[in-house]
Amino acid sequence: MANRIHIITFQVPYPADYGGVIDIYYKAKALKEAGYNVVLHCFAYKGRDFQKELLDIADEVYVYKRNTCWLNRLGIMPYIVKSRKSKELLARLQKDDAPILFEGLHTCYYLDSPLLKDRKKFVRAHNVESDYYYYLSGTTISIKKKIFFLVESWRLKRYENILKSADIIFSITEKDRKYFANRFPNTDVRLLPCFHNGADDIDPTLKKGSGKYLLYHGNLSVEENINAVYYLAERIIPRMPTVKWVIAGNKPPQELYDVVKELQNVTVVPNPSIKKMTKLITEANANVLITFQSTGIKLKLLNALYKGGFCIVNDKMTESTGVGELCRVTHSDSDLVNALNEVFGKKYDEKEEQKRIELLNKYYNNEVNIKILAEAIDNA
């Protein structure tokens with residue numbers, strides 16, 4: 001079916017408020033706007049379920065519950081894959097011969113199914129999952145989590161071989177493209193930069209950089225982002241006691257509150273709406289973004305660049321993104337503190353805005369990037 005495509009997602013992509021779901025949501029939206037009949041298959045977890053807004057980006061939407069029973073944590077198949085097995089999903093995929101886009105290794109349970117052997121199958125690699133889980137194993141202080149992350153990393157590395165069954169792997173960064181091309185020399189691997197909403201939802205009455213605070217934002221239920229907050233709270237914020245900080249994001253754990261409670265200049269904004277988060281990003285005197293591993297791309301970086309003013313990051317945040325020159329990239333604690341002190345209180349120079357938009361659109365233009373995906377679908 002020429003203009004029909006199935007998309008299997010690891011999470012319900014609405015609200016489009018963090019990382020991979022932003023890429024999924026705006027990719028599906030771009031496909032629908034380009035005239036495709038989009039069939040969205042979503043695995044729900046962490047309280048998300050069917051949202052009527054998904055019908056704005058898809059013609060059909062099906063939601064499946066993840067099977068998170070402890071038995072799925074056993075064996076050699078990754079838990080994040082095994083828990084996303086659904087006979088209902090497989091039955092629906094067999095009702096036509098349209099191409100299938102698997103969003104992340106998480107969703108690839110049926111990638112090598114004999115029942116789908118004649119189908120065109122694409123995989124969106126959001127990052128190198130085995131590397132990401134190995135990184136998580138080194139950052140958690142929980143022995144139980146450390147063991148799970150290490151085992152899952154080993155499983156994911158082994159399971160990666162399933163990607164040989166994909167007709168095309170779409171990587172999200174050039175670094176990841178090279179990894180998958182080297183790992184699977186007989187598989188077509190293409191760069192497909194992430195999709196996003198750019199500056200579309202900015203209130204024109206807001207003034208970039210007008211707020212008297214520094215902002216760190218991210219999904220605060222994710223270990224990587226929690227560790228970034230801990231780093232700032234322990235090594236950076238105490239060196240700037242007169243500067244107001246805002247930490248904003250979904251589902252901050254109690255431990256995060258415990259870490260920052262002694263810091264009088266920190267405000268935590270839990271579970272902000274998309275509108276509230278956009279306002280915080282836009283008005284922040286500077287967006288401060290930290291990561292300790294460079295797999296994939298951080299969608300919060302693009303959010304900060306499209307919507308905000310000054311953007312201060314550490315070096316791993318911009319690796320293989322093409323947008324490092326638009327940020328103040330720092331390489332140490334002192335370097336970060338100095339950069340923040342230099343920009344705090346300064347007016348964001350909107351003369352730089354045109355340069356910023358031109359470079360961002362060079363790499364992250366939805367209208368350009370949808371053509372990469374459309375070409376693959378149309379030739380399927």
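The following exchange goes through confidence, a helix, aromatic pairs and salt bridges in a predicted model.

Student: In which helix is confidence lowest, and in which strand is it highest?
Tutor: The model is predicted, so local features need pLDDT of at least 70 and side-chain atom pairs count only at pLDDT 80 or more, while totals for chains, interfaces and linings use all residues. Residues are numbered from 1 along each chain as its sequence is written, and side-chain values use heavy atoms, with hydrogens and water left out. The chain has a mean pLDDT (the predictor's confidence in each residue, from 0 to 100) of 91, and 99% of its residues reach 70 or more. Confidence is lowest in α13, at a mean of 85, and highest, at 98, in strand β4.

Student: Why do the buried residues of α13 lie on the same side?
Tutor: Helices are DSSP runs of H or I with at least four residues, strands are runs of E with at least two, and both are numbered from the N terminus. In α13, residues 353-363, the buried ones (under 20% relative accessible area; exposed is over 50%, partly exposed in between, with a 1.4 Å probe and protein chains only) are Glu353, Arg356, Leu359 and Leu360. They share a side because the arc they cover around the axis, taken from the directions from the helix axis to the C-beta atoms, is only 135 degrees.

Student: Against which helix do the buried residues of α13 pack?
Tutor: Contact here means heavy atoms within 4.5 Å. By that rule, the partner of the buried residues of α13 is α10 (299-307).

Student: How far apart are the ring centres of tyrosine 363 and tyrosine 364?
Tutor: Rings of Phe, Tyr and Trp (its six-membered ring) pair if their centres lie within 6.5 Å; planes under 30 degrees apart are stacked, over 60 edge-to-face and the rest tilted. The count by this rule is 14 aromatic pairs. Tyrosine 363 is partly exposed at 31%, whereas tyrosine 364 is buried at 4%. Their pair is tilted, with 45 degrees between the planes and a centre-to-centre distance of 6.2 Å.

Student: Which charged residue sits over the ring of phenylalanine 148?
Tutor: A charge sits over a ring if NZ of Lys or CZ of Arg is within 6 Å of the ring centre and within 35 degrees of the ring normal. Phe148 belongs to one aromatic cluster with Tyr79, Tyr132, Tyr133, Tyr135 and Phe149. The charged end over its ring, 5.2 Å from the centre, is that of arginine 73.

Student: How many residues apart are aspartate 59 and lysine 32?
Tutor: They form a salt bridge (a side-chain nitrogen of Lys or Arg within 4 Å of a carboxyl oxygen of Asp or Glu), with the closest N and O atoms 3.0 Å apart. Aspartate 59 is in the loop between β2 (37-44) and β3 (60-65), and lysine 32 is in helix α1, so the pair links distant parts of the chain, 27 residues apart.

Student: Which parts does the salt bridge of lysine 120 and aspartate 167 tie together?
Tutor: These side chains meet at 3.7 Å, N to O. The parts are 47 residues apart in sequence: the loop between β4 and β5 (121-125) and the loop between α5 (143-159) and β6 (168-171).

Student: Is glutamate 283 buried or partly exposed?
Tutor: Glutamate 283 meets lysine 279 in a salt bridge at 2.9 Å. Lysine 279 is partly exposed at 39%. At 16% relative accessibility, glutamate 283 counts as buried.
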